Structures are given as structure tokens and as C-alpha cells.
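Student: I have a model open in front of me and would like to learn how to read its features one at a time. Could we begin with a pair of facing residues and work outwards from there?

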Amino acid sequence: MIKRAQIVLISVLLLLNSCITQFIPKTSEDKEILVVEGLITDQPAMSSVKLSKSLPLGGKSAAKTLSGCLITVSDDLGSIVNFTESSPGTYTPPGSFTGASGRFYTLHIKSNSFQTGFNYESFPVEMKAVPPIDSVYYEKKTIVESDNYNQKQEGCQIFVNTHDPSDNCKFFRWEYTETWKFILPYPVKNKACWVSSNSDIINIKSTSVLGDDKISRYPLNFVSNLSDRLRVKYSILVNQYSLNEDEYLYWEKLQNISEQVGGLYDIIPSSVPSNMFSFADPNEKVLGYFSVSAITSKRIFIRDFFEGTVTPYTDELCVADTIPGLGPIQNLNYSVWILSQSSIPPPPYTVTTHEKGCSDCTVRGTNVKPDFWLDDK
Amino acid sequence: MKFKTQFLFYLILSISVNLGAQEKYRISTNYKGVPFDDFVSAVESALPVKFFYLDEWVKDMKLGDYADCTSLTCIMDNLFKGTSLYYYIDNSGNVVITNNYAVKVNANPSESDNKYLPPTEYSGSVENQRIEANTTVEIGNPAEKNKPGNVVITGYITNKVTKEPVSGVTVFIQKLSAGTISNEYGFYTLTLPRGVHLLQYSFVGMKEKIVGLNLYGAGDLNVDMIDVLIPLKETVISAQKSITLRRFEVGAEKINITSFKLLPTSMGESDIIKSVLLIPGVQSVGEGSAGFNVRGGSADQNLILLYGAPVYNSSHFFGFFSAVNTDIIKDATLYKGGIPSRYGGRISSVLDIGSKEGNRKEFAGNAGISPITTHLSVEGPIIKDTLTYILTARTTYSNWIFGMIKDPALHKSRASFYDLNGKMTWSPDKNNKIDFSAYTSHDAFRFNSDTTYRYNNNIFALKWRHFFNSRFFSSFSLNNSSYNYDISSKYLATEAFVLSHRIYSTGFKADFNWFLGRNEINFGLDLTRYAVSPGSYLPYNDSSLVIPHTIRKEHALEGALYVDDKFQLTDFLSVNAGIRMSSYFSFGPQTVMLYNPEFSKSKSTVTDSLNFNPGQISSKYAGPEFRVSFNFRISDKNSFKINYNRTRQYIHLLSNSTSIAPTDIWKLSDYYLKPQIGDQVAAGFYEMLFRNSFEASAEVYYKEIRNMLDFKGGTNLIMDENIEKDVVNMKGKAYGLELVLKKTEGKIRYSLGYTYSRTFIKSLGTFSDEVINSGKWFPANFDKPNDLVVTFNYLFSRRLSFSSNYTWSTGRPITYPIATYIVSDKLLVTYSDRNEYRIPDYSRLDLSLRISGNLKSHRIAHPFWTFSVYNVLGRQNVYSIYFKKSGQVVNGFMLSVFGRAIPSVTFSFDF
């Protein structure tokens, strides 16, 4: 809502010969902390609990999942649902399970196998009903105006509108999945693919300070022209989550401290407390949150022309060599791939690449058209 | 050296001429039985003399038979014997008669009296000292010279040019190792045995004055002192010699404007807060941070007084400039400890900024220009000697820099400030002085044209000083200080808002000073009424859907009664004992939430609420604050001091960032927020070395602070109606050693200051979200153990001076990210224990050269140039370390504000 003075300050300082150097902080900690990513929703097959351990800073290794735990969720009516481990570290309820608005849910995590006292529980969390998304729409936004030196560049700002006539849901969170089609500019077999990406920033909004329980023009996602998302066709699926106030504050705190920290005017960082706690040691730090949300969704497609979009598949990046003849080629399909071959007009030649992704779109995406994808008529 | 000889020569010469002059007034006529008036007429026609007196004093006075007398002085001596009248004759033959007290300049004492030395002998009487008497004065009736016992002399010390009182002047008698310091009215009092004394009047930035005194009885001795920089005739800036030996307070530092104007500047501006930062025990969290930390206290624990009123935001432009213009500052005193009982309300320090009064004699002014700011001040009399004014203004024109930047975001950004000061002083007679002062400062900055920040300080103060008699003074003041900010954003038309916060205080203070024998008693009353608007969030315009929301105003009254007594217990021990009874009441209308005590306070644990009606007291706190100092004078070269003080603070600045930000919120103590209480014990040893040309001191302190505030992780404090649910109660402790060595005389002067200090805090909460670092002690944000400050000045000539300072300190503590984790595809970061790591050490060297254009006094304007280089070594001092996510990796960045040397040129002139 309110940007801290930091941004301005840094800008002012930039004028004053400031300089920024990158460094890797040397920290000695290698504690592993339990991370809980729990979600109970009112939609089938969307509830799950994922358990993992935190990763040391700078480590690029995949999350260390935590298998072999006993997960149950109870509600305020006394019913208990047992979760089963569907893949390492991911626990899911029976397929028929959905949460209901107005119920309070509590998550229980236990394990007998690797540690005594491994016993965690959440505070009871209420599921709030969520209104449907009114609209998801976009506007072209000029990034750079064209002038003598620059070509015009445009991005795409995507907005969400919603309102709750019942005035019940005051705290919203959105997650989105972007899917876009891309086509390799070479005559290869797997030429057209779809690729997806999930939102990686926190999108939350409270209407508690607004007169109407109405959100208009919430700037959900800005698609820059510095990717190929907007070149062919783009789709975004927006999931709208209802939050209770505690969870809203949890995400807000995360947002406050994770956007940028360490400056003089930034909030002093500290770990944001979870709604999970350990029975053995109430002071033990637990990361993550047990979320209970109702969900509504909306998908839109964008097929439009945006100035200055780029593609990663340029000749400069892809083409390694143009060799006469049609083969044989050393290390083929090992470190060299064929982009195109031609025998007309003679002499025949072969264009090769060192980037497999340039010759096969399935390296980056899938060539199976997603179910929801609508082709243009 | 050459200068000194000349001076001595001049002195001797002037005295001998003077003596000759006195002998000249020979009278052979016997005026027996002649009325005084007729005698005066006769003498004035016969001799080149002129008498000044009031008729009522000499009514009915007739001359006796002074047959033995052959000179005017002899007749006058005999005539006034046994009366309350005194006289003196100056070089030009003016015979000035005074009633009740005598000030005889260059008098010729009776030759028969060998207990009283003739003035000429003073010059050589103190060996190996740069002491010569400029003047010799007699006080009292010579006939009383053999009476037993001590007598009290009192007087005012004024600036010769501006006629303003000079406070903080040391009056020292080397032979007796006795002395005192002038108070805020420039008044001083000394109890001395009858006899011959040599009084040294010294104050940093002013020419030292030495007065020979033949003391016969009680009387007044008023002294004029000359500013060193204004006449530019004297190249030696006198030391603050022996001040440290005499002051009662451990850790009080007086800063004179002339001395800090010599310091190198960062952006062409001399700056009061920057000079305060050179004092050992004072630190800041980083370049460009608003506020400063004194002996382990947070920045809101400093009481900054201008015109006797608190300044709530002491900086412009994120702390790169002080909010108080140097042109209005006469002097400033920083109390790091030993805070006198007349000050209260903040627990760590008091920075009392003394402001200038307008020139009583003539119009004068000063103007300056640097690449970023410009300033102008004018002053003068409206009615000569009675009514004066001074006006100063300063502004920046940094906006043109933004305009020149091509980056579209910065191109539309703006940052500007200005401040204005004005003061009128009316001195209807010598016992009354009334002044009215006003101050306003304004800052505005805007980033990328959609969010605008603005903040303002405003102060009005009325002060009446009344002197009942020469032993009893009073001052009454009424002041009003306010600070407010607003943030407005119109990024989204439907959510355009204005957010504002305001603190408003009205203070009344009655202060009395009573000199009673060896006691200096100070007592008074201090009342402050606060009104705080914690926040209001309003729609920016009609198209905005924002619901107007205003958090209810807070009201409170702080009151204190205080008394302290400075007294000389024995010749070597003086004591200052004081008590300040402070109390605080917050009152309604107010609603206080009650929480389930089994859980941490949060919105969901509210059980009930309490309503307080308008005027109903919702919380009250009171307690005594003891302030005690002992000063042991071991010899005339060294002293040992020890003190204890307790301080209570009822208003708090809520800040969950490392430095004070302009958008932090002032909060009054309430039902939940208890006053902060500080206790400090400090001891110091002070010594003058090498014929008093060096001053060395060592001070140690230990301090405990209760009820400090910290905040639960990630809390946003803006528009928070129930702050108690986000607050963590903390306890603090700090200790340190401060070592200083100063050379304060000569063409080359320098000082070395080293501080070792630690500051730790710990959380006292019991619920998991109230516990920071498992409830263990951890270093505070401004814990910088090692701090070295070196300053060096070289005065080449009257026109050219060079100065430099070097600072090195340990980097401040910081909290690092230590691990990452992923929740719903978001890379999140978890942090180390609070303040577990540190940023790299800080080191900086600044240089400055000041050249006066022309010293001819008849020139209309006196121009001077100041060339400064800030951070000469170009060291990239880390201002902050921050972390940014890029993709699935967290990167650390170090930002240096002044990554290389910053030169600046300032052109100023006095007119």
C-alpha cells in the first residue's frame, strides 16, 4: 500500500555517486527448519500438505522433502480426514474431500519414525467464502516511447476486478498460472510448444480500508516484453483465495520483509511466525503456513501485438555453424543438434546448434496442447 | 610568537601611559566646603576631564579639607570614603561615578598597600603561562580590604559585538584552583577571599580575557568577550581550558558555533548534527541516517531543544542536513549524561541549541551559496539596544538535478526543503528581556510523480527573562511545537489517498536561578500538553473509494517539578544534587482493548474494551528522577567526577526500521505502553597536560533502560489502532569507555577521541511472537564497539585555515538471511538471529580549506570561500546491505552512498 522511503532514498543517493556491489553473505548457519505448506480448499483435488526442510542460502539444490509423516486435518465438528503421501513430501486427502465455508480446520503433523516429539499442530483456521472474480483484463503499457534513438516497447498489465456483495470476504490472495505458446523459428519436428509458469510474488489485497467490498484494477501481473510470452498467444489462469485476517497479516508481513531488506529505512527483518507450533518446544521456529481458503478461478487469453517483444530463439543465440553437406555430424544429439537441412538450392548444407532447446521445443515446454487451450479460428 | 611579544609590549605601554595620565590631574586648589557640583565645574574647566554621575547621589555633598592632596584621585578617594560611591577615571579623562559598586578600570591602587600589587606586576607574576592581565579592576571599597572572610562577586559576560550573553564561559583562578562557569544568561558568581586575583575568562571560539582583580568587597564584574572569527584579528583560538575540570556534569559537551563552522562539510553546509557526531559516545547508524545515538540510546531518546521547545524531526533530506540552520545557532550543549534536573522527557541525551539574538548596534547579515543549498541571514536593531530582530532562511535547489536525469522515473522525482527562523528580542531594561521566536521547516519529496511525502516542523516560543536582583533570576517560557507529515498517492484513482500523522505539544516552563552564598539553586516547573493524531487515511479526491478513517486523537499531560543545588562542599569537592518529580497522565476519549492474558495480544484475543470519557484519566505514571554529581578536584590540573541520573520518557517514536524515517510515528504512553526509564552511572577523570595546552579525559558509563520498544516481525505500524498488540517489551543495557586527548591551543590544534562501547537489548515477552533471539541479550542496531575520531586544524594565517577529520568505526549489526524455502512457488527467506552479523567497518577522511577574501574592516562585505572534500580516500563505506531475489536465488548487495570523494565549494559573505 505505502512504499517505504527506501526507493526514493536510493534514487536520491544514486545521484550522489553511490555505488552498489554484489556480494555473497557469509553465514555459518546450516540449521534445517521444518517448512509446512498446507492448503485446504473448497475445490476437489486442490487440497494438499507439503512438508520440507529449509535450504541454506545460495544453495540451488531442490527442496528436501519430508516423507513418512502422519497428517490429519480435523474440523470443529469433530470429523477427521487422514492424508496419504502421494509423492515424497506431498500428502493429499481422499479425492472426494473438499472443505466447506464456515468450518474451522486444524492440521496435525506427527511422525514416529525419525524423531521423538515430532508433533506439530496448527491453530484452528476458518474457511471464508470467496466471491467469483468479476473480470481479468489487460492493458498495453508503454515501457519506452519511440524517439530518435529508441523503438517503442510495450508490456502488458493484467488487472483483476472483484467484489463481494455479501461483504463477507475482506482479504484476498491471488495465485496465477501463465501459459503461453511459442514456436521455434526452425523447421524442426517439435516446433510449437506450450510452457507454464506459476506466480512467484505475493499478491494480496484487503478491502478493510475501502468503503465497498470491491477491488478494481488490482495490478496482478505485469508481463514484460523481455520474454516471448506475448509473441504468439498467452493465457493466464487466476485463482482467487479468501483469507482470514491472520493469514492476510502473515502474507503482508512476508511481503514487507521479503521484497527488499537490509536498508536503513526497511523494516528490520525477522522470521514471520507460522500458525503452526511444536508441542515439544513452543519456541521452535516453524516456517510456512496452514492456509484454509475457498477458491474461485478465471482464465483469459491474450492474443495481441505488443511492440518490441523478444524471443530467446535468435540466430545469434541458436546457430552454431553452417556446414556443407547433409552429414554425418560429430556428437550429433550429444552436444550438437540440427536446426535445418537443405539440399535445394545446391550445394546442400546443414545448420547446427549447441542449444538443444533451439531444435526441440519440448526442452522448455510440452508439445501436448493443454485441455483448456483454445485455438484461434 | 612574534604576535605575543607585540601584544605584551602594547600592554605594558598602555599601562604606563595610563599611569602617567592619572598623575597628570593635579589639583593645587583647596576646595574645602565647596558643593560637589561646583567642584566638578571648576575641575572640568581647569583640567581635560569630564564627570559622569547622577545628581541625586551627590546632593548636599560638600568637599572637606584635603590639604594633603595634590591630585584629583586623592581628593576623590577622600571624598567618597565612607559613602556608597565609587569612581574611575579612564584614559580619555572621563570620570565615571557609580553607586554601590565600583568598577575601576586601570586604577592606580594606593602605593602604601603592599598586599595589593600594582597592575604592572601581573604580567610577569605567573611563570610559564601565556597569561597577561589585559585589565586590572578594583571591586569594593579599599577601606574594607582588611576585613576578614570571603566576598561574592557576580557579573554578566556578554559578547562585545552583539551584546548577547555568553553562556558556558569558564572563569578560573589558577592560583586558587577555583572557578565557575557562566550560566545561560551569561551570569556567573564566585566566592573569593579579599586580595589580589587573576581571573581567566575563556570560552572556545572566543578570545581569552584575563582580568586582574583587586578585591576589597562584594561587587559586580561584567565582562565583554570577543568572538575570534568575527574581527579576525587574533589568530589564536583559546582553549576550553579547564572547563572540563570545572563542569559538574560528566559527559556535557559545549559546542561553539565558531568551532564547528571550521569542520569540513559534506555538501557545503556546516551542520550541527554532524559536529555532534564527532563527540565520543555519539554515533549514527549510517551516512544519511536521521538522528543520532548517544551512549547506547535510540534516536528518539534525544531531546533536541530549539528556543526551549522540542524539535520532533531533526533532519532534512533523510538526514543529509540538519533541520536547524547553522545561521541561527549561537552554541549548543550536548548532555550525554549528568543531565541537569531542569531537563526531562527523554532518557539518553539533551541537545540544547542556543539561538542567536539580533545585533543590537547595527544591521548585519550573512549569505552563502553551495551547489545544493543557499542561505541568507539578516539581523539588526529596530530600536537600538532595545529591540532587535534576526531572520534566517535556507533552501535547496536540488530539483534541477532531478530534472537533468534521463531516467524517466527519476526525471519526475522531486526533493526539496526549506527552513525559516525568526527571533525578536526586546530588552526594555536591564532586568527584563522578552523574546519571541518562530521556526518552520518543510520537506517534500516525490517519487516518480505518484507518491508525495511532505513533512513539517513548526515552533513558536515566547520567553520572558526577569532578573529580580543580581542573585535571583527567573525565566518563563511558553512554546508550541508541532510535527506532521502526509503521504499522498494517486497511483490508482479509486484508491488515491492522503495519509497523515501529527504531533502537537504546548509547553510552559518556569525556571528560577538563585545564587545563595556558595549555592546555586535552580528550581522550576515544566508542563507539556501533548495531542497526537496517530493517523488519518482519507480519500485524495472524489473519485477515490477510500473510506475516510481517522484514528482517535491521543491526549496527555506531562508535568514536572524540579530543584537542584550546586554547592561547594569543601575546596576540593563540589556537589550538584537534584530531583525532578515527573508525572504523566493520558486522558480520554479513548477505548482500550482488553486481551486474553493467556495468549499473545492480537485482534483475535480481544476479550473486552474499556471506554474513557473525554478528560477522564486513562493511565497515569509518576516517579522521581534523581540527578547527582560529585566533582572532586584533585589538584588544579586534574579532577575526578562521578554522577548518577535517572530519566523518564513518556513519548516514543515507533520505528521498525534501522534508522529513523520521516514517516515514523510518535506515540504517547498509554494503558499498555509504559514510560521508558533510564539509569546511568558515569565517572570521569580529567587532566590538563603540558602547561594546560592539552586536555585529556577518560569517562566510563553504565546504563540500563527499561520499557524499550521493539516490534513483532514484519509489522506495519502505519494506521495501527492498537499498537500494544505489535509491541515487544525490551530491556537495554549499555556500557562504554570514552577517551579524549585534545590540543586546544596554537596554530595547530587537534583532538583524538576513542570510544569503546557496547549496547545490548533483550526481549522480555513470554509468547513466541514476543521473543526475539530466544530472549537472550543481543546487540542493538547502533552497537558499534570501536569508534575513533581524529580532528586536525591548522590556522596558517588570519586568512587561511585548514581542517580535517577522520572517522573509523566498527560496522553496525545486521540481520542476514540464512535459509530459503518455497511456499506455493514463492521463494521465501528466513533470517538469522536479530543483529547476528555486521556490515564492514566504516572509515572516512574529510578535508576543508577556508580562505577569507579580504580582511579590511572598511569593506562592506567580507567574503570567504570554503573548499571541502568529503571522503577523500574514496572508500566505499557500506551504507546498507540488502538482499534481493532474482529467480530462485537470493543475492546480497552492498550500497555505498558516497562511493568516491565528494568535493564542494561554498561562497559566503558577511555584510
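Tutor: Let us start with B:Val563, which stands opposite B:Ile579 in E34(B). Please keep in mind throughout that this is a predicted model.

Student: Which strands does this pair belong to, and how many bridges join E33(B) to strand E34 of chain B?

Tutor: The general idea is that strands of a sheet pair through backbone hydrogen bonds, either parallel or antiparallel. Here E33(B) and strand E34 (residues 573-587) of chain B run antiparallel and are joined by 14 bridges, and a hairpin of four residues leads from E33(B) to E34(B).

Student: What pairs with strand E33 in the antiparallel sense over 14 bridges, apart from what we have just seen?

Tutor: Strand E31 (residues 519-539) of chain B pairs with strand E33 (residues 554-568) of chain B, again in the antiparallel sense and over 14 bridges. To find the register on screen, you can look for B:Gly524, whose bridge partner in E33(B) is B:Tyr562.

Student: How should I read a sheet that takes strands from both chains, and in what order do E4(A), E49(B) and E50(B) lie?

Tutor: Read the order of the strands and then the sense of the pairing: this open sheet has three strands in the order E4(A)-E49(B)-E50(B), and the pairing is antiparallel. Strand E4 (55-56) of chain A and strand E50 (826-831) of chain B each have a single partner strand and stand at the edges, so one side of each has no neighbour in the sheet. Strand E49 (residues 817-823) of chain B is joined to E50(B) by six antiparallel bridges, and B:Val823 has B:Lys826 in E50(B) as its bridge partner.

Student: Where should I look for the largest nonpolar core, and which of its residues touch the most other members?

Tutor: The largest nonpolar core has 88 residues, and those touching the most other members are A:Val36, A:Ile158, A:Val160, A:Phe172, A:Val238 and B:Tyr821. Strand E15 (residues 171-183) of chain A gives this core its largest share, six residues. Another core, of 61 residues, lies apart from it and includes B:Ile273, B:Phe292, B:Ala299 and B:Val727.

Student: Which residues is A:Phe172 in contact with, leaving aside its neighbours within four places in sequence?

Tutor: With those neighbours left aside, A:Phe172 is in contact with A:Thr162, A:Ile204, A:Lys205, A:Ile215, A:Gln240, A:Tyr241, A:Ser242 and A:Leu243. For chain A as a whole, residues 24 or more positions apart account for 67% of the contacts with a separation of 6 or more, and 36% of its 377 residues count as buried.

Student: How would I read a residue in a loop, and how does B:Glu724 count by its C-beta neighbours?

Tutor: B:Glu724 lies in the loop between strand E42 (694-711) and strand E43 (727-743) of chain B, and it counts as partly exposed because it has 15 C-beta neighbours inside 10 Å. Beyond its neighbours within four places in sequence, B:Glu724 is in contact with B:Lys601, B:Tyr672 and B:Leu673. The C-alpha atoms of B:Glu724 and B:Lys747 are separated by 57 Å, with the two positions 23 residues apart along the chain counted as their spacing.

Student: Finally, what does the domain assignment of chain B give?

Tutor: The assignment gives domain 1 (2-230) and domain 2 (283-910), and their contact takes 16 residues from domain 1 and 17 residues from domain 2 of chain B. On the domain 1 side, the residues that touch domain 2 of chain B comprise two nonpolar, 11 polar and three charged residues.

Note on methods. Residues are numbered from 1 along each chain as its sequence is written. Chains are lettered from A and ligands numbered from 1 in the order in which they are written. This is a predicted model: local features need pLDDT of at least 70, side-chain atom pairs count only at pLDDT 80 or more; totals for chains, interfaces and linings use all residues. A nonpolar core is a set of buried Ala, Val, Leu, Ile, Met, Phe, Trp, Tyr and Cys residues joined through C-beta atoms within 7 Å. A residue is buried if 20 or more other C-beta atoms lie within 10 Å of its own, exposed if 12 or fewer, and partly exposed in between; C-beta atoms are placed from the backbone. Helices (H or I, at least four residues) and strands (E, at least two) are DSSP runs, numbered from the N terminus. Two residues are in contact if their C-beta atoms, placed from the backbone, lie within 7 Å. Two strands pair if DSSP finds at least two bridges between them. Domain bounds come from an automatic or database domain assignment. Ala, Val, Leu, Ile, Met, Phe, Trp, Tyr, Cys and Pro count as nonpolar, Asp, Glu, Lys and Arg as charged, and the others, Gly among them, as polar.
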